[in-house]
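Student: I would like to learn how to read a structure like this one, beginning with how open a residue is to its surroundings and then moving on to charged pairs and strands. Could you take me through it step by step?

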Amino acid sequence: MSTARRKVGLFGSSVNPPHVGHAAVVKFFSEKVDELWVLPVYKHIYDSKQNLAGYEERIEMARLGLESQGKNIKVTRIEEEVVLKHIKEAEAQGIPAAQVRVGTFDVLTHLKAKHPDIDFAFILGGDTYSDLRAGKWKNSDAVQSMVSLYVISRPGGPELPALGPTATVFEIPPKDVPPVVSSTLIRETLRDSKDLSPLSSILDPRVLKYIQDNKLYGYSP
């Protein structure tokens, strides 16, 4: 007897740190799928974005700030698993680990092979989808045919490109959409300001406490 295939949403992000914008996205899409997996970036494919807090810290912050948004939301270590696998394979061929570049294509290939019984949906913002359609990703064409793509459209946001056959556009209701949040501004506030009250509305209090307790992002009491 056949059983229904699970639909699993994938939300990849640096979560550096996770904030109300991330929380709104995972909460919204957790209601569209059977499970929603958050994939914190392990090693960013773009060198300019490698200035990240430690992976363990970001995993824990994501658990604190995002898993509470729905019972079917879980933070995973999938990117770590994929990157370390590729590094091991590269080193066996004499290729330095620093030259390994793992992208969404590699993560999706790994997941589809490991979980052939699951239908995956990759969640991404409109700007990111535009880059994908423009061929700026590793194996852009292949990524667009591998899984469903759930594209987030923000009210007043940029116009989306023509959609590919696997893409569906979702507009999060205005009442659930927080103001645009800059992770860079959050990190700068933690580093430079003694007044953290502006962060109380954009960071889960457990995330803010974790940052303070572990003195992340240059925070100093």
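Tutor: Let us begin with accessibility, where a residue is called buried under 20% relative accessible area, exposed over 50%, and partly exposed in between. Please keep in mind throughout that this is a predicted model.

Student: Into which class does Arg77 fall, and what is its relative accessibility?

Tutor: Arg77 has a relative accessibility of 27%, and because this value lies between the two cut-offs, Arg77 counts as partly exposed. Glu80, by contrast, counts as buried, since its relative accessibility is 17%.

Student: How do I recognise a salt bridge, and what is the distance in the one that Arg77 forms with Glu80?

Tutor: The general idea is to look for a side-chain nitrogen of Lys or Arg within 4 Å of a carboxyl oxygen of Asp or Glu. In the pair of Arg77 and Glu80, the closest N and O atoms are 2.8 Å apart. These two residues also belong to a network of salt bridges, in which they are linked together with Glu56.

Student: How many salt bridges does a search of the whole structure find?

Tutor: The search finds 12 salt bridges. Among them is the one in which the side chains of Lys175 and Asp176 meet, with 3.2 Å from N to O; here Lys175 is exposed, at a relative accessible area of 71%, while Asp176 is partly exposed, at 36%. Another joins Asp192 to Arg191, whose closest N and O atoms are 2.7 Å apart, and Asp192 is exposed, with a relative accessible area of 53%.

Student: Turning to the strands, in what order do they lie in the open sheet?

Tutor: To read a sheet, one follows which strand pairs with which, and here six strands form an open sheet in the order β3-β2-β1-β4-β5-β6, with parallel pairing. The edges are taken by β3 (73-75) and β6 (167-171), and because each has a single partner strand, one side of each is left without a neighbour in the sheet. On average, neighbouring strands of this sheet are turned by 30° against each other, if direction is ignored.

Student: Is strand β4 largely enclosed or largely open?

Tutor: Strand β4, which spans residues 118-125, has six of its eight residues buried, so it is largely enclosed by the rest of the structure. One partner is strand β1 (residues 6-13), which pairs with β4 in the parallel sense over six bridges, and there Arg6 has Ile118 as its bridge partner. The other pairing to follow is with strand β5 (residues 148-153), parallel over five bridges, where Phe122 stands opposite Leu149.

Student: Which residue in β2 is the bridge partner of Val8, and how does the chain cross from β1 to β2?

Tutor: The bridge partner of Val8 is Glu35, and the strands β1 and β2 (residues 35-40) pair in the parallel sense over six bridges. Between them the chain passes through helix α1 (residues 20-30), making a β-α-β crossover that is right-handed.

Student: What joins β2 to β3, and which strands does helix α4 touch?

Tutor: Three bridges join β2 to β3, and the two run parallel, with Leu36 standing opposite Ile73 in β3. Helix α4 (residues 104-114) packs on the sheet and touches β1, β2 and β4, its direction making about 160° with that of β4.

Terms used. Residues are numbered from 1 along each chain as its sequence is written. This is a predicted model: local features need pLDDT of at least 70, side-chain atom pairs count only at pLDDT 80 or more; totals for chains, interfaces and linings use all residues. Side-chain values use heavy atoms; hydrogens and water are left out. Buried means under 20% relative accessible area, exposed over 50%, partly exposed in between (1.4 Å probe, protein chains only). Helices (H or I, at least four residues) and strands (E, at least two) are DSSP runs, numbered from the N terminus. Two strands pair if DSSP finds at least two bridges between them. A crossover is right-handed if, with the strands pointing away from the viewer, the path from the first strand over the helix to the second runs clockwise. Axes are lines fitted to C-alpha atoms, for helices over the stretch in contact, and angles run from 0 to 180 degrees between N-to-C directions. Contact means heavy atoms within 4.5 Å.
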